[in-house]
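Me: Could you take me through one part of this protein up close? I'd like to hear about a single helix and what packs around it, plus anything worth a look elsewhere.

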Amino acid sequence: MKNRIRVERAEVRMTQQQLADAVGVSRQTINAIEAGKFIPSTLLALKIARVFAKPVEAVFQLEEGE
């Protein structure tokens with residue numbers, strides 16, 4: 001699963017820690033999601049999208065074959 005979390009954070013000048021605090025996870029979790037090493041739960045994906053005021057599909061995209 002691809003994501004635009006790093007881009008979205010940059011647009012609003014938000015650190016990984018600030019996003020982590022906003023959605024109730026660790027900074028390491030945000031880092032792992034950004035790096036594609038961890039796929040968030042539906043609930044976490046929705047929370048992250050809500051922080052950026054975007055639909056979840058604008059932040060997360062399935063890759064070919066998923």
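Reply: Here is a walk around helix α2, followed by a lysine and a cavity. Keep in mind that this is a predicted model.

Helix α2 covers residues 16–23, and its buried residues are Gln16, Leu19, Ala20 and Val23. Viewed down the helix axis, those buried residues sit within an arc of 100°, so they line one face of α2. That fits the usual geometry: an α-helix has 3.6 residues a turn, so residues three or four places apart point the same way. As for what covers the buried residues of α2, the list includes α1 (5–11), α3 (27–34) and α4. Just past the end of α2 comes Gly24, with a positive phi of about 80°.

Now for the lysine. Lys54 sits in the loop that runs between α4 (42–51) and α5 (56–59). Its relative accessibility is 31%, so Lys54 counts as partly exposed. Leaving aside residues up to four places away in sequence, Lys54 touches Glu8, Glu11, Ala49 and Val59. With Glu8 there is a polar contact, side chain to side chain, at 3.0 Å. Lys54 and Glu8 are 46 residues apart in sequence, while their C-alpha atoms are 9.6 Å apart in space.

Last, the cavity. Searching the whole structure turns up 1 cavity of 30 Å³ or more, and its volume is about 30 Å³. The lining is made up of Met1, Asn3, Ile33, Gly36, Phe38, Ile39 and Pro40. By type, that lining splits into 5 nonpolar and 2 polar residues, with no charged ones.

Definitions and conventions
Residues numbered from 1 in each chain as written. Predicted model: local features only at pLDDT ≥ 70, side-chain atom pairs only at ≥ 80, totals over all residues. Heavy atoms only, no water. 1 Å grid on protein atoms, 1.4 Å probe; cavity = no way out; pocket = protein on both sides within 12 Å on 5 of 7 lines; lining within 4 Å. Points joined across faces, edges and corners; volume = space filled by probe spheres on them. Nonpolar A, V, L, I, M, F, W, Y, C, P; charged D, E, K, R; others polar. Helix = DSSP H or I, 4+ residues; strand = E, 2+ residues; numbered from the N terminus. Buried < 20%, exposed > 50% of the residue type's maximum accessible area, 1.4 Å probe, protein only. Contact = heavy atoms within 4.5 Å. Polar contact = N/O pair within 3.5 Å; in protein donor to acceptor, adjacent residues only side chain to side chain. Arc of directions from axis to C-beta.
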